[in-house]
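Colleague: I have a chain open on my screen and would like to go through the labels one by one. Could you tell me what each of them rests on?

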Amino acid sequence: MPIYEYRCRQCNHIFDAFQKVGEDGAELKCPACATLKPEKLFSSFAAPGSEISEGGYTAGAGCGSHGAFT
Ligand SMILES: [Zn+2]
């Protein structure tokens, strides 16, 4: 079970928590102020757009050069 980092939307307290499969952290509580639904933080703070490549979105983006040859 992976551990994710969350940030409280209320007090900005950052804490680690387990996340069950199929859940989105909505049931998590801030340990400091007990506010629900903390914001999920990702381990990599790279450009958010990099996630698109996981879905094969950019798979055909580079084929344009081949078509120009014919
Ligand atoms: Zn809090």
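Colleague: Let's start with H13. Where does H13 lie?

Modeller: H13 sits in the loop between β1 and β2. Bear in mind that this is a predicted model.

Colleague: What makes H13 partly exposed?

Modeller: There are 15 other C-beta atoms within 10 Å of H13. A residue is buried at 20 or more and exposed at 12 or fewer, so H13, with its 15, falls in between and counts as partly exposed.

Colleague: Which residues is H13 in contact with, leaving aside its neighbours within four places in sequence?

Modeller: Those are C8, C30 and A32. The cut-off for a contact is 7 Å between C-beta atoms, so each of these three pairs with H13 lies within that distance. As for P38, it is 25 residues from H13 in sequence, and their C-alpha atoms are 9.2 Å apart.

Colleague: What about N12: why does N12 count as exposed?

Modeller: N12 has 11 C-beta neighbours inside 10 Å. Exposed means 12 or fewer, so a count of 11 puts N12 in that class. N12 also lies in the loop between β1 and β2, and its phi is near 65°, a positive value in a residue other than glycine.

Colleague: Which class does K37 belong to, buried, exposed or partly exposed?

Modeller: K37 is partly exposed, because it has 16 C-beta neighbours inside 10 Å, and that number lies between the limits of 12 and 20. K37 is found in the loop between β2 and β3. Its phi, near 55°, is positive too, and K37 is not a glycine.

Colleague: How do you know that β1 and β2 pair?

Modeller: Pairing takes at least two bridges. Five bridges join β1, residues 3-7, to β2, residues 14-18, so the condition is met. The two strands run antiparallel, and Y4, for instance, has A17 as its bridge partner in β2. They form a hairpin with six residues between them.

Colleague: And what makes β1 and β3 a pair?

Modeller: Here the count is three bridges, in the antiparallel sense, with β3 covering residues 39-41. Three satisfies the requirement of at least two, so β1 and β3 pair. One of the bridge partners is K40 in β3, which faces Y6 in the bridge list.

Colleague: Why are β2 and β3 said to stand at the edges?

Modeller: The three strands form an open sheet in the order β2-β1-β3, with antiparallel pairing. β2 and β3 each have a single partner strand, so one side of each is left without a neighbour in the sheet. On average, neighbouring strands of this sheet are turned by 45° against each other, direction ignored.

Colleague: Lastly, how do the elements of the protein chain run from the N terminus on?

Modeller: The order is β-β-β-α, which fits a total of one helix and three strands. Of the 70 residues, 7% count as buried. Among contacts between residues at least 6 apart in sequence, 35% join residues at least 24 apart.

Note on methods. Residues are numbered from 1 along each chain as its sequence is written. This is a predicted model: local features need pLDDT of at least 70, side-chain atom pairs count only at pLDDT 80 or more; totals for chains, interfaces and linings use all residues. Helices (H or I, at least four residues) and strands (E, at least two) are DSSP runs, numbered from the N terminus. Two residues are in contact if their C-beta atoms, placed from the backbone, lie within 7 Å. Axes are lines fitted to C-alpha atoms, for helices over the stretch in contact, and angles run from 0 to 180 degrees between N-to-C directions.
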